[in-house]
Amino acid sequence: MSRPGPKIPPLSVTDAQRAALEGWVRRRTTAQALAQRSRIVLECADGHSVMEVSRRLRIAPDTVRTWRRRFLEHGLDGLGDDPRPGVPRKITDEDVERVIVKTLEERPKNATRWSTRSMATATGMPQSTVSRIWRAFALAPHRSQTSLLSTDPLFIDKVRDVVGLYLDPPEKALVLCVDEKSQIQARDWSQPVLPMMPGVPERRSHDYIRAGTTTLFAALEVATGKVIGSLHRRHRAAEFKKFLAKVGKEVPADLQVHLILDNYATHKTPAVKKWLLAHPRFHLQFTPTSASWLNLVERWFAELTQKKLKRGVHRSVQALERDVRTWLADWNDQPRPFIWTKTADEILDKVAAYCHRISDSGHETSWPTWMPWKR
């Protein structure tokens, strides 16, 4: 006959401890280990024996005894994990702060930005340590972004007017986004292009021969995505007037024409203003200064550049213009509109938040990443 084991002391919990334990059990974000230990203590506090708690929770009896004893000795603090053994920490919080402050507020004497090696030399820390600190605090001195805030005094009014035309166009009217892509180069590479092969990308020389330039005037119809285009060798008010006349011929006479365009001087010459007075159905809405992202035709120019011009080969301006006209005709066969997705209030809130970040930090940060249109 085996002798009975030592009598274990009873376990009781206060109302505050029970509330904390039950909260850890119910909370979804609690670690599973801590939730299980809380169940063990609650079961023992209800008067169940070690073996009974073991059966009910399907865990080893020694586990029940361990956490029962830890709670009796240390209370709620005893349910946490003990510090794990390991090499003592060598990099202190002061060292981390020193790296961060130096990265944000100083520059090296012989460079415009820090590298992990130069920072390691300046602080006396290993390069890998500097790299880990930068990753932990999302610091990337090697990266930079460009930004430009509009200083137009009528910025808010113009944003509301332009976005209003996108989201709620007037009846019996056509909204067109107008701009010029100037100085399109007809260029040929100085050496033959080597074609792509398995495991080898297409290769071309870094220099090229320029045969001349041309300018594309384009008007993107917001509703359908169709584009009215015209190519000219020069970029003057005279060419812009010719393009406006072409737009007037292609738009039905019973529709008003709302043009969204930038503040380029060509659009505001006396000759253009006189032409507009003679054609009262044309209404011009200018985007704010330094805010070309408000003009949807810029997105279409990006399509043209990426899909046709960037890697194109043209030995003459005539060949370039033929290719652009062909690409424009193909686009209009199956036009794809760009849909504006942001309201004016959402855009202005983003700009306001960006300005607050600049004023709070004392220096300029990156432009907020958002795209007001989609395909």
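**Aromatic packing, nonpolar cores and charged contacts**

Tryptophan 327, with a relative accessibility of 14%, counts as buried, because the limit for that class is under 20% relative accessible area. The structure described here is a predicted model. Tryptophan 327 forms a stacked aromatic pair with tryptophan 331, in which the ring centres lie 5.7 Å apart and the planes are at 25° to each other. The two residues belong to helix α12, where a spacing of four residues places them about one turn of the helix apart. Tryptophan 331 is likewise buried, as is tryptophan 327.

In total, nine aromatic pairs are found when the whole structure is searched. A further pair joins tryptophan 300 to tryptophan 327; this arrangement is tilted, with 5.6 Å from centre to centre and 55° between the planes. Because tryptophan 300 is located in helix α11 and tryptophan 327 in helix α12, the pair ties together parts that are 27 residues apart in sequence. Tryptophan 300 has a relative accessibility of 1% and therefore counts as buried. Through ring pairs, Trp300, Phe301, Trp327, Trp331 and Phe338 are linked into a cluster.

Trp300 also appears in the nonpolar interior. The largest nonpolar core contains 36 residues, and the members touching the most others are Val159, Tyr166, Cys177, Leu216, Leu296 and Trp300. Two or more residues of this core are contributed by each of the helices α8 (155-167), α11 (297-309), α12 (317-333) and α13 (344-361), and by each of the strands β1 (173-189), β2 (208-221) and β3 (227-232). The surroundings of leucine 216 can be described in detail. When residues up to four places away in sequence are not counted, leucine 216 touches Asp179, Glu180, Lys181 and Ile184, together with Gly229, Ser230 and Leu231, and also Trp300, Phe301, Leu304 and Val324. A second core, separate from the one above, comprises 20 residues, among them Ala219, Phe240, Leu244 and Val247.

Contacts between charged groups and aromatic rings were also examined. Arginine 187 places its charged end over the ring of tyrosine 208, at 5.0 Å from the ring centre. In a second case, lysine 268 is positioned over the face of phenylalanine 286, with a distance of 4.7 Å to the centre of the ring. Phe286 is also in contact with lysine 158, whose other partners, leaving aside neighbours within four places in sequence, are Asp152, Asn263, Gln285, Thr287 and Pro288. Lysine 158 lies in helix α8. Its relative accessible area is 15%, so lysine 158 is buried.

The search of the whole structure for salt bridges yields 17 of them. One of these pairs aspartate 46 with arginine 18, and the closest N and O atoms are 3.5 Å apart. Since aspartate 46 occupies the loop between α2 (32-45) and α3 (50-57) while arginine 18 lies in helix α1 (residues 15-26), this salt bridge ties together parts that are 28 residues apart in sequence. With relative accessibility of 48%, aspartate 46 counts as partly exposed; arginine 18 is partly exposed as well, its relative accessible area being 26%. Arg18 and Asp46 are linked with Glu22 in a network of salt bridges.

Other salt bridges are formed within a helix. Arginine 98 and aspartate 95 are joined by a salt bridge in which the closest N and O atoms are 3.5 Å apart. These two residues are three places apart in helix α5 (residues 93-105), and are therefore separated by about one helical turn. Arginine 98 has a relative accessible area of 38% and is partly exposed, whereas aspartate 95, at 18%, is buried. In helix α11, glutamate 303 forms a salt bridge with lysine 307. The closest N and O atoms of this pair are 2.9 Å apart. Because glutamate 303 and lysine 307 are four residues apart in that helix, about one helical turn separates them. Glutamate 303 is buried, with a relative accessible area of 8%, while lysine 307 is exposed, with a relative accessible area of 52%.

Definitions and conventions:
Residues numbered from 1 in each chain as written. Predicted model: local features only at pLDDT ≥ 70, side-chain atom pairs only at ≥ 80, totals over all residues. Heavy atoms only, no water. Core = buried A, V, L, I, M, F, W, Y, C linked by side-chain atoms within 4.5 Å. Buried < 20%, exposed > 50% of the residue type's maximum accessible area, 1.4 Å probe, protein only. Contact = heavy atoms within 4.5 Å. Phe/Tyr/Trp six-rings, centres within 6.5 Å; stacked < 30°, edge-to-face > 60°. Lys NZ or Arg CZ within 6 Å of the ring centre and 35° of its normal. Salt bridge = Lys/Arg side-chain N within 4 Å of Asp/Glu carboxyl O.
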